[in-house]
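This report describes selected features of a single protein model. Its sections follow the order in which the features are best read alongside the coordinates.

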Amino acid sequence: MHELSITQSMLDLVLKEAEKAGAKEVGKINLVIGEMTGFVDESVQFYFDFLSKGTIAERAQLSFRMIPATARCRGCDKAFECNEFDWTCPYCQGNSVEIIAGRELFVESIEVEEHGNKGA
Ligand SMILES: [Zn+2]
């Protein structure tokens with residue numbers, strides 16, 4: 001239920017921001033998800049649909065930006081995209097690497113409808 005609780009806190013944040021902006025409806029939510037979080041857009045969408053029922057974000061469209069897992073080699077200082085099982089540097093075959101991207105998980109921005117009017 002990890003994804004459920006994370007999706008819930010993202011929704012809480014969105015609703016709080018929307019309220020602050022005086023929004024009647026949330027039109028779009030832009031999310032950034034790092035590959036290493038293990039989150040997949042379909043399941044976030046699934047939980048979101050479930051959790052947002054009855055809120056002003058109910059009809060919001062989710063937009064996902066996936067960030068690939070990226071590491072930097074400590075040996076040759078090159079950055080490379082890595083897959084789940086292979087953390088070896090493709091340039092020097094070193095295996096002392098640090099993760100520099102792929103653990104992101106946040107709401108980048110939201111778009112709101114101030115008057116609940118989609119025709120604008
Ligand atoms: Zn290397």
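## Internal cavity

The largest cavity encloses about 40 Å³ of space. The model, which is predicted, holds 1 cavity of 30 Å³ or more.

The lining of the largest cavity consists of Thr7, Met10, Leu11, Val14, Ile29, Leu31, Val44 and Phe48. At least two lining residues come from each of helix 1 (2-20), strand 1 (25-34) and helix 2 (41-51). Helix 1 makes the largest contribution, with 4 residues. In terms of residue class, the lining of the largest cavity comprises 7 nonpolar residues and 1 polar residue, with no charged residues.

## Zinc site

The zinc ion has four cysteine sulfur atoms as its protein donors: Cys73 (SG), Cys76 (SG), Cys89 (SG) and Cys92 (SG), at 2.3 to 2.4 Å from the ion. The angles among the 4 donor atoms run from 104 to 118 degrees, and the site is tetrahedral. The assignment follows because four donors count as tetrahedral if all angles lie between 85 and 135 degrees.

Along the sequence, the donor residues follow the spacing C-x2-C-x12-C-x2-C. Distant parts of the chain are linked by the pair cysteine 76 and cysteine 89, which are 13 residues apart. Cysteine 76 belongs to the loop between strand 3 (70-73) and strand 4 (79-81), whereas cysteine 89 belongs to the loop between strand 4 and strand 5 (97-101). The two residues also have separate exposure classes: cysteine 76 is partly exposed because its relative accessible area is 27%, while cysteine 89 is buried, with a value of 0%.

## A buried acidic side chain

Is glutamate 25 buried or exposed? Its relative accessibility is 7%, so glutamate 25 counts as buried. Glutamate 25 is located in strand 1, an element that also supplies at least two residues to the lining of the largest cavity. The side chain of glutamate 25 makes a polar contact of 3.1 Å with the side chain of arginine 59.

## Loop between strand 3 and strand 4

Aspartate 77 lies in the loop between strand 3 and strand 4, the loop that also holds the zinc donor cysteine 76. Aspartate 77 counts as exposed because its relative accessibility is 56%. Its phi is near 65 degrees, a positive value in a residue other than glycine.

A C-alpha distance relates aspartate 77 to the cavity lining. The C-alpha atoms of aspartate 77 and valine 44 are separated by 34 Å, with their positions 33 residues apart along the chain counted as their separation. Valine 44 is one of the residues that line the largest cavity.

## Loop between strand 4 and strand 5

The loop between strand 4 and strand 5 contains glutamate 84 and glutamine 93, as well as the zinc donor cysteine 89. Glutamate 84 has a relative accessibility of 64% and therefore counts as exposed. Its C-alpha atom is separated by 8.3 Å from that of alanine 69, a residue 15 residues apart from glutamate 84 along the chain.

Glutamine 93 likewise counts as exposed, because its relative accessibility is 54%. Although glutamine 93 is not a glycine, its phi is positive, at about 65 degrees.

Methods
Residues numbered from 1 in each chain as written. Predicted model: local features only at pLDDT ≥ 70, side-chain atom pairs only at ≥ 80, totals over all residues. Heavy atoms only, no water. Donors = N, O, S within 2.8 Å, 3.2 Å for Na, K, Ca; no water. Tetrahedral: all angles 85-135°; square planar, octahedral: opposite > 155°, others 65-115°. Buried < 20%, exposed > 50% of the residue type's maximum accessible area, 1.4 Å probe, protein only. 1 Å grid on protein atoms, 1.4 Å probe; cavity = no way out; pocket = protein on both sides within 12 Å on 5 of 7 lines; lining within 4 Å. Points joined across faces, edges and corners; volume = space filled by probe spheres on them. Nonpolar A, V, L, I, M, F, W, Y, C, P; charged D, E, K, R; others polar. Polar contact = N/O pair within 3.5 Å; in protein donor to acceptor, adjacent residues only side chain to side chain.
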